[in-house]
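Dear colleague,

I am passing a structure on to you with this email, and below it you will find some notes on what turned up in it. Please keep the structure open while you read.

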Amino acid sequence: MKILKIENLKKIYGKNESKVVALNDLSFEVEEGEFIAIIGPSGSGKSTLLHTIAGLENPTEGKVYFYDKNIYEMNKKQLTILRRQKIGIIYQFYNLIPTLNVEENILLPIELDKKKVDKTKLQEIIKFLNLDNRKKHLPNELSGGQQQKVAIGRALMINPTIILADEPTGNLDSKSSSEIIELLKKANREYNQTIIMITHNLEIAKSADRIIQIEDGKIIQK
């Protein structure tokens with residue numbers, strides 16, 4: 001089933017001499033359960049594309065459909081709810097709340113949505129992340145790889161339609177990077193989790209089912 005459709009997406013910053021075309025007429029589709037890597041050099045438009053898909057940055061032109069609804073026809077409140085309930089975002093620098101422990105960080109989207117906590121699922125995810133002996137630790141008591149695992153758990157906890165991962169291994173050593181990629185692959189297999197991952201590393205991109213390569217804001221391979 002097709003869950004995401006990007007149609008003629010353009011993003012332009014500035015005007016005249018300072019004009020920068022970050023995204024230049026991008027179109028592609030994503031099927032449920034796909035693991036897609038978007039690869040390209042720095043400045044190619046990868047992160048802009050991810051932010052536009054997430055509704056964090058309005059496109060200059062084009063449409064982003066979740067199922068059959070263009071997210072840019074939603075109002076601000078609807079878009080916020082969509083992100084909180086349907087889109088799991090994993091950032092390069094984790095974005096954990098420093099005063100919350102592992103469990104509390106994973107549960108944050110559930111608490112913000114004022115939903116009942118599924119404690120069984122919480123423990124299942126903590127076990128899946130191999131953080132059983134770290135669940136009461138604060139972020140500054142964890143390694144970088146462990147912090148990124150918490151970010152993955154936070155994304156999975158909401159049962160998202162899609163996970164968007166922006167350079168999830170960009171701040172990690174090779175061992176931790178391998179662990180994070182294996183976790184994402186496992187989430188894709190075991191939870192049928194749809195994932196779009198941004199990376200500049202071809203070897204990491206090869207872990208995905210499909211690679212979309214962009215340069216200068218254009219798709220050159222998909």
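How much space lies in the largest cavity? Before the answer, please bear in mind that this is a predicted model. The largest cavity holds about 30 Å³ of space, and the structure has one cavity of 30 Å³ or more.

As background, rolling a probe the size of a water molecule over the atoms shows where empty space is left.

If you would like to find the largest cavity on your screen, look for the residues that line it, which are L50, H51, A54, L56, I89, Y91, L164 and D166. Two elements, α1 (46–53) and β7 (162–166), each supply at least two residues of this lining. Sorted by class, the lining of the largest cavity consists of six nonpolar residues, one polar residue and one charged residue.

The other finding concerns the backbone, and here too some background helps: most residues other than glycine have a negative phi. N8, although not a glycine, has a positive phi of about 50°, and this residue lies in strand β1, which covers residues 2–13. N8 is partly exposed, with a relative accessible area of 38%.

Where does N95 lie? N95 is found in the loop between β6 (87–90) and α3 (102–112), and, while not a glycine, has a positive phi of about 55°. Its relative accessible area is 43%, and N95 therefore counts as partly exposed, a term used for values between 20% and 50%.

With best wishes

Definitions and conventions
Residues are numbered from 1 along each chain as its sequence is written. This is a predicted model: local features need pLDDT of at least 70, side-chain atom pairs count only at pLDDT 80 or more; totals for chains, interfaces and linings use all residues. Side-chain values use heavy atoms; hydrogens and water are left out. On a 1 Å grid over the protein atoms alone, a cavity is a set of points where a 1.4 Å probe fits but cannot get out, and a pocket is an open set with protein on both sides within 12 Å along at least five of seven lines; lining residues have an atom within 4 Å of a point. Grid points are joined across faces, edges and corners, and a volume is the space filled by probe spheres set on the points. Helices (H or I, at least four residues) and strands (E, at least two) are DSSP runs, numbered from the N terminus. Ala, Val, Leu, Ile, Met, Phe, Trp, Tyr, Cys and Pro count as nonpolar, Asp, Glu, Lys and Arg as charged, and the others, Gly among them, as polar. Buried means under 20% relative accessible area, exposed over 50%, partly exposed in between (1.4 Å probe, protein chains only).
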